[in-house]
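Subject: Structure for you to look at, with notes

Dear colleague,

I am passing on the structure we talked about, and I would be glad if you could open it alongside these notes. The notes go from the whole chain to single residues, so that you can follow them with the model on your screen.

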Amino acid sequence: NYDLRPPLISEHNSCWQKGNILDFDQIATALKDFRPTHVVHLAARTDLNETQSIDRYAVNFEGADIVLRAVEQTPSAQRVIVASTMLISELGRIPKSDEDYSPATLYGESKMRMEQLIRRSKLRCPWTLIRPTTIWGPWHMRLRNEFFRILRKGYYFHYGRQPCMRSYGYVGNA
C-alpha cells in the first residue's frame, strides 16, 4: 500500500509506505526495493467537483504516467492492473468499443487520458484496465450515508413501472 495517507485501520500500517505517485524517483525506488510481481494502480482524485481545469485532476493522468514509467523499469513486474472509471463515457451511453470515449466531466476526461497513456505505454508485461462503478464500503461510507440521508428526508422517490438501475457497488462483493 503506497499512499500519501496512512490506512484507516492501524493494523494495516505495517503494509503501508508513505509516498506520492507524482514523484517519479520516489515511486521508482519503492518499486525497485519491493520488487512486486503485480502492480494494482488505484490512486486517483475521484470527485466530480472540478469544472474549471483538467489540470486539477493531474494526479489521474500524470500520476499514471509516472507509475507506468516506473513499472517499465521494474523487471519483477508480471502484470499491471489500473482502475479507470465507467465515466470515460457519459452516463447512459453504451460505448461501441473500449476506446470509444465520450466523457461528460473533467474527471472522466482525466481518466480517458490515463487510459490512452496505458495503451501507448511500453510495458513489457500484460496490463488490464478496469472500469468499476462507484464502490462504497466500511471505510468509504460517504455514498451510503448520503443515500440514507436522502431517504430519511423523503427526497428520493421512484416513479414509473420500470426498475431503478443504480450503478453503485459494495466493496464486499465488488
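Of the 174 residues of the protein, 30% count as buried. Please keep in mind throughout that this is a predicted model, and that the values below were computed from it. The protein exposes about 11900 Å², and carbon and sulfur atoms supply 52% of that area.

As for the overall layout, the protein has 4 helices and 7 strands, which follow one another along the sequence in the pattern β-β-α-β-α-β-α-β-β-α-β. When contacts with a separation of 6 or more are considered, 63% of them are between residues 24 or more positions apart.

Helix α1

Helix α1 covers residues 24–34, and within this helix Phe24, Ile27, Ala28, Ala30 and Leu31 are buried. These residues lie on the same side of α1, because they cover an arc of only 160° around the axis. Asp25, Lys32 and Asp33, by contrast, are exposed on the other side of α1. If you wish to see what the buried residues of α1 pack against, look at β1 (2–3), β2 (17–18), β3 (38–41) and α2 (58–72).

Both ends of this helix have a detail that can be checked in the viewer. At the N-terminal end, Asp23 caps α1, with a side-chain oxygen 3.2 Å from the backbone nitrogen of Asp25. Just after α1 comes Arg35, which takes a positive phi of about 55° although Arg35 is not a glycine. Most residues other than glycine have a negative phi. Arg35 is found in the loop between α1 and β3, where this residue is exposed, with a relative accessible area of 61%.

The nonpolar cores

In soluble globular proteins, nonpolar side chains tend to be buried together. Here the largest nonpolar core has 20 residues, of which Ile27, Val71 and Val80 touch the most other members. At least two residues of this core are supplied by each of α1, α2, β4 (79–83) and α3 (106–120), and α2 gives the most, with 6 residues. A second core, separate from this one, consists of 7 residues, including Ile54, Ala58, Phe61 and Leu106.

Val80 is a useful residue to centre the view on: leaving aside its neighbours within four places in sequence, Val80 is in contact with Val39, Val71, Leu123, Cys125, Pro126, Trp127 and Thr128.

Strands β3, β4 and β5

Strands β3 and β4 run parallel and are joined by 4 bridges; in one of these pairings, Val40 has Ile81 of β4 as its bridge partner. The two faces of β3 differ in cover, with Val39 and His41 on the covered face and His38 and Val40 on the uncovered one.

Thr128 has its place in strand β5, residues 127–130, and counts as partly exposed at 28% relative accessibility. Not counting residues up to four places away in sequence, Thr128 touches Arg79, Val80, Ile81 and Val82. The C-alpha atoms of Thr128 and Arg79 are separated by 8.0 Å, although these residues are 49 residues apart along the chain.

Two further residues

Which residue shares a polar contact of 2.6 Å with the side chain of Glu115? The partner is Arg131, and the contact joins the two side chains. Glu115 has its place in helix α3, and this residue counts as buried because its relative accessible area is 0%, which falls under the 20% limit. Besides Arg131, and again not counting residues up to four places away in sequence, Glu115 touches Ser84, Ile88, Asp98, Tyr101 and Leu129.

Thr46, in turn, is found in the loop between β3 and α2, and is exposed, with a relative accessible area of 55%. From C-alpha to C-alpha, Thr46 and Thr85 are 9.1 Å apart in space, with their positions 39 residues apart in sequence counted as the separation.

With best wishes

Conventions
Residues are numbered from 1 along each chain as its sequence is written. This is a predicted model: local features need pLDDT of at least 70, side-chain atom pairs count only at pLDDT 80 or more; totals for chains, interfaces and linings use all residues. Side-chain values use heavy atoms; hydrogens and water are left out. Buried means under 20% relative accessible area, exposed over 50%, partly exposed in between (1.4 Å probe, protein chains only). Contact means heavy atoms within 4.5 Å. Accessible areas come from the Shrake-Rupley method with a 1.4 Å probe; for residues, only the protein chains shown count as cover. The arc is that of the directions from the helix axis to the C-beta atoms. A polar contact is a pair of N or O atoms within 3.5 Å; within protein, one must be able to donate a hydrogen and the other to accept it, and residues adjacent in sequence count only if both atoms are side-chain atoms. A nonpolar core is a set of buried Ala, Val, Leu, Ile, Met, Phe, Trp, Tyr and Cys residues joined through side-chain atoms within 4.5 Å. Two strands pair if DSSP finds at least two bridges between them.
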